[in-house]
Each structure stands twice: as C-alpha cells, then as structure tokens.
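Trainee: I am new to this structure. Could you take me through one pocket closely, and then show me how the rest of the chain is laid out?

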Amino acid sequence: MDIQPLGQTGTQSVRRQDLAVGPLGTVGNLRFTPRQGGTAPVAPPGAAANVSSSWANLQFALSGAPVQARKQREILLKVRANSRSIGDLLGRLTAPTGHARALAAIAQDLARLSKISRGDLAALPGGREALTAYMSELDYLDLVALRHGALGHADARNAVLNQVSPGLREQAAHLLQQIEAALELRSAQEVVLNPLWGIGRLLFASSLDAQELEIQLDKLYSGLAMLDSSGTQNRASIVHMLDVYLQSLPDDQFEVLLAQIHSDALDAAEDALSRRWDARTTQAAKEKKNNDPSLAQKELWLIKLQFNFEDYLPFSMLVHLRAALEREICARLHPSMLRLELALMSAVSLGKRLVASRVLLDMNALLDRIQRTYRALPEEMVYSVSKQLQDSFSLFRNKRLNREGALNADSLRELDDITLVNLRRATQLHPLGLTLDFEAIKQIVVERMEPLRQRFNAGARGVFWALSKDPMDMPLLMRRLQDLSDVELDYIRQLEDLGHFDDGGPALVDRRGLVRDMCERAVGELFREAPAFMEQDAMKHMELLRGLASKYSATASKLEGIIVQGDFEEGGRMTKEQLDAACYLVNDMGEALHQRLMVMAQESHPDAIGGLHKHVSTPKKAESSARVPPGTFYPGLRELYGVAYGLTANEIALLATDKARARMVPELEALLPVVVPVALEAALPANESDQGLTVRERLRAQEIEDAGILFSVRGSGSGEQPIRFMWPGSSVLENRRHTLESALDALVEVAGPQAEALMHLMRHEDTHAAVARGLKHMGMDSPFKLRDGTVVHVAGAGPVVFDVAKIESGDFLVRSTVRFSDLTAVPARQPDGMDAVITMNPWTSWAEVRYVLHVSADVQEARVIGLPQFRHHFELVKREIVVTV
C-alpha cells in the first residue's frame, strides 16, 4: 500500500502529489514481515534528489514571487515536513520493542515533534490531518504492527519517554496518547465496522443467510478481542469494546445502522440462529447416541442438554449487540430526555397542563424517531418514560370523577383544545401509560363543533331557499354556496386543529366522508322540517347542483395552468382550494338530495323506485343533462372568486396578481401596535385604579360595542379551561348587548390583559380605513372592477367579522372579514384614466376583503398569513364621468 505524507492548512488545500516522500518512502513499510517488528526501512533520498530539491527552493526564493505566494509556499513546506515527521514516527513505532536503537530513534523523533507542536498535533500545521490520512489508509496488518510496537507495551513506552528530555516529556506523552487514540479508532473501524455493516446488510436483506451471519458475528467477536487491551480475553470486557466503538459513531451513521439492525430484524436473526443451533445439536446428539452404547436408551433431548447454549458464540454476540445498541440509544437520548423530564416535573409542580402536554408531545417525538429506525423502544427507556407518565398523569385528571384508569370524558372535557390534541397526538406514549378514552374524545369534538355544524345547517337552508327562487337568481345561489363552503372549510380546519385527521391518531372519518355526512344530515333535517318545500322541484335542483359541481371542477382544473405562473402562485392556490371545496360541497349536496329522494320513493312508492333510479342514480348522466347558463355562472365566478373567462371557455385569468394583493399587506400589518388612549384613564373615577375596572367595563367606557363588529373566540382561560364562543350566524340580533358581553367575557378569559389591545385592533372604522388605503395602493390592479376594467374605489362602513384563536405559543390568529355595504355613489377610475362616479343599488351592492393576521402575544406586532382575498357584488344604476377642470 502506497501512502505519502499528507497535510492541509487553512490557506491552501494541499494535494497528495505535492507532498514529499519521508524516510519510510511509503507507509507500506508498516506491512511487517513474519519476524517481530519486521518493517523494512527504505533508504533515504539520494544526494541527487537533495540537490534538486534545494535548487528548486532557491529558484523560488529568487523569483520575486508575491508575498502571499511566498507565505503559502512556506506553509506548504512546513506541512510537508510535519507530514514527513509523522510518517517517520509511525514507521518507527512498529519496531521491535526490545531493540534499544529503535526505541532511541522513536524518542528522538518524538522529542522533535513535541518541541514544534507543544504536545498537540492540532497546533501543528497539517499535523492532525496527516495523522488522520495515514490512519484511514492502513489495513489490518499495518494496524496489528502498530499495536504490537511501543504503543502496545507499557515498558517500551516508558523506555521511550525516559529518553526524552524532562522538559518535553509531558508533551511527548500527550503526542503518544493522540496517536494511540487515533489508532484505537482506526482499529475499531477496521475490525468492528466491516463485520458490523456486514451484519446490517444481512439483516436488511429480503432473506437471511444464517450461515453468513454466523461468520460475521464471529468476525465481530474476533475484532473486539483484538481491541481488548486488558489481555484477559473476558467476554464482558470484549463486549465493552463494542460500546466504545458505537459511541464513536456520528449520529447519522448510528441511525443508518439502527435502520438495518433494528429490533424486528434482530428477532428474526435470533430465531434463525436458534433453529440453526437446534439442528446442529440434534445432529451432534444423534451421532453421540450412535457412538456411545451407554446412551442407546437415553432420550435425545436429554443428550442435547449436554450442549451449553451459552457456548454458541454467534447467538451470544447477537444478544450482546442488541443490548449494546439499546444502551447507546438511551445514552444518546439521555440529555434530551433528561431536559424533558425536568421540564415535565416543573410543569406538573406548577399545575401547567398546557406546558406539560407540550413536553409530552416533544417526548413522543423523540420516541417516535427511535421507533421509526430501531422499531422498538429500549426497556430502560420504556421504564423511565412510564414512570414519568405515572407521576404526571394526575395533572390531567378530574380527581373527583376520574380517579383511576384512562382519562375519561369528565377529565377530557376540562382540557382546552391544544392540550387535548397534544395528548391525542402523543401516540408513542399511549401504550406506556398515557391512556385516553378515544370514544370520549370523539364525543367531545362533536360537542365543541356543534355550533359550527348548526351554522352549516343554516347555510344549507339558505342554499335551498335560493334554489327555490323563481326565476333563478344564480349570483345569489353562488353566494349562498360560497358562504356554505366557507363554513365547511372552517369546520375542517378546526377539526384539523383538534388532531382529527392525524395519520397516527384515531380519526373519525376521512375529510370528504365527513362533509358528505354533514350534507346528508343537513338535507335530512330540512326534509323533516319542511318536506313540501324540499320536495318541490327537487329533481331539477339536484341536476342543477350537479351541473354547478361540473362547472366548478372545470374552472379549478383550468386554474392549474395559472398557478405555475409566478405572478399567480399563491392567489391561484387559494382560489383553487375554494373552488375545489365548492365543487365537492355542491356535489355532496346533490348526492344527499338524491339519496333522500330515493329513500322517499322507496317508502311511499316501492314500485316506482326503478324508474326514479333510472333518472337520478347515475351521476355522469345527470351531469351531462344539467345545464348552467354561462351568462349567469361566469359573472358570479368573477365577483366571488376573482376568476374571469375570456371570449371562449378555454380562456381564463385571475383578476389580481400576487404582487397586487401584497400591496395591501403593509396597511393591514400597520394596524399594530395599538396605543390605548390616555383619555380612558381620565374618565375613570378618581378613587379607582385602572385595574379596578374589568377590561369589559373599560371597553364599554370607550363605546366599542357598536353594531359593526362581530367576533368569535377560541382558546384557554386563565385556569386552562377550554373557551369557545361563536358569534351567532345572523348579524341582526335582538339581544346584541348580551351577545357582545358574552363575547367580551370569552376574549378577556383567553387574552387576559391583552384583550383591550385586541379590541382596538378590531375597531371597525380602523380596519375599514386600512383596507381602503390598501385598495388605493393596488390602483388599477384592484379586483374590485367592472367588466370593462373600471376600478371601483369602495369606502365607507359595514360589518367586520373576526375569529380570534389563541395558539400554543401564546400568539393569536385573527381571521378577519371586512365588508363594505350600503354602496351608493362610489368613485371609480376607468381604463382610459377618466374618473367617474358609479351609482349602485345600496341594498344589494357590497365588497369584502378577507385576511388572516398572526398577532404576537403582547399584541404589538402582526404579520399577514398568506394574501388577502376579495369578493364583491355590484348592481349598477348609472355612471357619471367626472370632468376635472
């Protein structure tokens, strides 16, 4: 094997061919001959070579090279010299330990290196790199030669160090320790790594070769025995070397090893070796019985007992390998697990359920990582985690109604949404003691989502009311369908927040199945409440719904080509998501109506079921026969989804680019920070502090409870109890004051002292003004435009709807809908640059902007999530051109 001295500096990467050959020539000299320490020295370079090298150095010195080049060459020469010195030393360390001249030569080289490195190869230019390079290229025989030299014999080592001057002796000892550590690591790689990866490949294969596995396990044992410096050849000390080697593996390599030598593979390997041992001992017992007449009458199984299974080295090594892997898993995870255990103890002692649930979820992530690679948890870790769960489980219990066993409905109902979902998602902890009543969770989720389901039913009534209008009002129907699909998306989003669709958790049903069920329940309730109304023109309604589903689907498909364009990527994705939701919803409602008609026909006219089935049971026929006039569908698509068709059905465009939408974002984010007016404090009684009044009372003092604001609240209260308040669906309420007070109570519970700042953030006049400014920034790119391209500058007032949700970090997500209504004389700008005033029907014309704000916990910063969305409906009465004089 040819090895030349190698080094590297921070100034210049040194190529191997640039390095001079040391006195050993090639480190192939480390390949020893059969006699002890037999490394054949190589003659030093001849006189001609020395003269040539000196002449080259002199030429460079006289060449007038730049200073930087001179410095680089100086460093390179030092690296070469240092690398040569390390090569010399490694070669001499293979000499026979009884040769005094060889030991003196080692001491001389060691003293020289100690002086220039001060006992640390890392301080020597190219020193550590050279040692690493040498070690990486040594083979098994080379390593044995080094281990049998002075490094492997204490007397020889001491003899070498005694010949080094006292002032350098300590540094020399440090150098030998560094070389020995590198040798140990390289030896372990050579004699442990190869068989270990060989075992991994065998266990990872589709079929296990038990005979080859025995060979690799024997090699692993022999290699570890070679590394055992105790000289006892005790199996325990030999196996300890396996622990040492595993500790040296980087995390990524260790995880790859676990992925191959995982628990399931080890189980299969143990079974294979057990069968192999059984077959071997059975054969041996038969031979012994046949050869020994005294055993002729003895049972075969009794003869087999004479063979000691513990002597079966491959199986024993496999067991030790499993134990070593599991010890290393625990050791590597111990710092992280210890931090989590301390955090869990702290959360339990403070009674912080939310914090504790987050710690448990983080602990679950650690265990999940091991489960995915090793496919089992070490017993030590199982015991430790189970003990932690046992100590912390009481924190989540209703101690009066749920004293033992799994957390039941009484305990789970007291948990806020985030805590509940954290416990639900900690699937690795469930079999270790985090036992939950999943049927109770299902019921609690249904209870918490009931207000939203009722809103869905109310929306379904609005859809069928719009369907029954004569003549058909397609824009109104499309608005009702869009409102209903918004409720559906919100329903699905909140279920996702509750961990309802997690792959690892017990989901109730799939997303689409859940929506189909909601539609069927809503249609069923409508038929029970108003059967005559629902039966009237039901067949026509069903076909129209299927036709609309086909239209929505076709439009969503065409959007795919637009989404890939950079100007429409995010806006296009949001629009497609809305169209897909509308498509599925309309199709599900049509199917629910179809199923209800089939049931009614079966109940009332059993003989007519075949004829009805022939007309309505085949979706493709129904879709092809349904006709949705483009003249009524396309305007609604333009107003509600911002999608405009061209002269043909294949031409499609989005009204607003991502860049145009983004121009509104700064105005929305500038709504914070909020400064609470000082005048409020002056309005309070002099004998009361500001803290003496509740936040709700201070808000009422500011007269924020105007008719323009509606908001819902979700989160946890000061006692970590679940808080969910949903504003009733209608914005016209007889008892608005009571509803507002309930909403304010919920907001104060969730937001605490930040409730007032949040309410200022939601002031409807401020939000309207910010949106109006943002629309002006959009200029002619505003989606609020007429078909001829005239941009309508909406302004004024209207209701503002907010959904405030506190997330796990303590921040808030505020989903906002800002509506401009009662539009009458509205300023506009035509494509030719002329200003105009558009008179609209104030009862039916409106514009709406939706956006989501991520608000910091202190309500001082906000950022928009995604991009704003726009909807409108304009009914023009007349247009007047404004002439500027």
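Mentor: Here is the pocket, followed by the chain around it, one sheet and one arginine.

Keep in mind that this is a predicted model. The part to look at is the second largest pocket. Its volume is about 770 Å³. Its lining is made up of 36 residues. To find the centre, look for Ile418, Gly715, Lys806, Ile807 and Glu808, which lie nearest to it.

Now see which elements build the lining. Seven stretches are worth tracing, and each gives two or more residues. The helices are H14 (353-373), H17 (417-425), H19 (474-497) and H31 (736-751). The strands are S3 (709-716), S6 (800-806) and S7 (812-820). Which of these elements gives the most to the lining? That is H17, with five residues.

What is the lining's make-up by residue class? Charged residues number 15. Another twelve are nonpolar, and nine are polar.

Step back to the whole chain. It has 885 residues, and 48% of them count as buried. It holds 33 helices and twelve strands. Take the contacts with a separation of 6 or more: 72% of them join residues 24 or more positions apart.

Next, turn to a sheet. Four strands form an open sheet, in the order S5-S8-S9-S12. The pairing is antiparallel. The edges are strand S5 (791-792) and strand S12 (876-882). Each has a single partner strand, so one side of each has no neighbour in the sheet. Inside that order, look at S8 (residues 825-829) and S9 (residues 835-840). These two run antiparallel and are joined by five bridges. One pair to pick out is proline 827 with its bridge partner in S9, valine 837.

Finish with a single side chain. Arginine 157 sits in helix H6, which covers residues 154-162. Is arginine 157 buried or exposed? The cut-off for buried is under 20% relative accessible area. Arginine 157 has 16%, so it is buried. Its side chain makes a polar contact of 2.9 Å with the side chain of glutamate 180. Set aside the neighbours within four places in sequence, and arginine 157 is in contact with Ala150, Leu151, Leu176 and Glu180. Glutamate 180 therefore appears twice here, as the polar partner and in the list of contacts of the buried arginine 157.

Note on methods:
Residues are numbered from 1 along each chain as its sequence is written. This is a predicted model: local features need pLDDT of at least 70, side-chain atom pairs count only at pLDDT 80 or more; totals for chains, interfaces and linings use all residues. Side-chain values use heavy atoms; hydrogens and water are left out. On a 1 Å grid over the protein atoms alone, a cavity is a set of points where a 1.4 Å probe fits but cannot get out, and a pocket is an open set with protein on both sides within 12 Å along at least five of seven lines; lining residues have an atom within 4 Å of a point. Grid points are joined across faces, edges and corners, and a volume is the space filled by probe spheres set on the points. Ala, Val, Leu, Ile, Met, Phe, Trp, Tyr, Cys and Pro count as nonpolar, Asp, Glu, Lys and Arg as charged, and the others, Gly among them, as polar. Buried means under 20% relative accessible area, exposed over 50%, partly exposed in between (1.4 Å probe, protein chains only). A polar contact is a pair of N or O atoms within 3.5 Å; within protein, one must be able to donate a hydrogen and the other to accept it, and residues adjacent in sequence count only if both atoms are side-chain atoms. Contact means heavy atoms within 4.5 Å. Two strands pair if DSSP finds at least two bridges between them.
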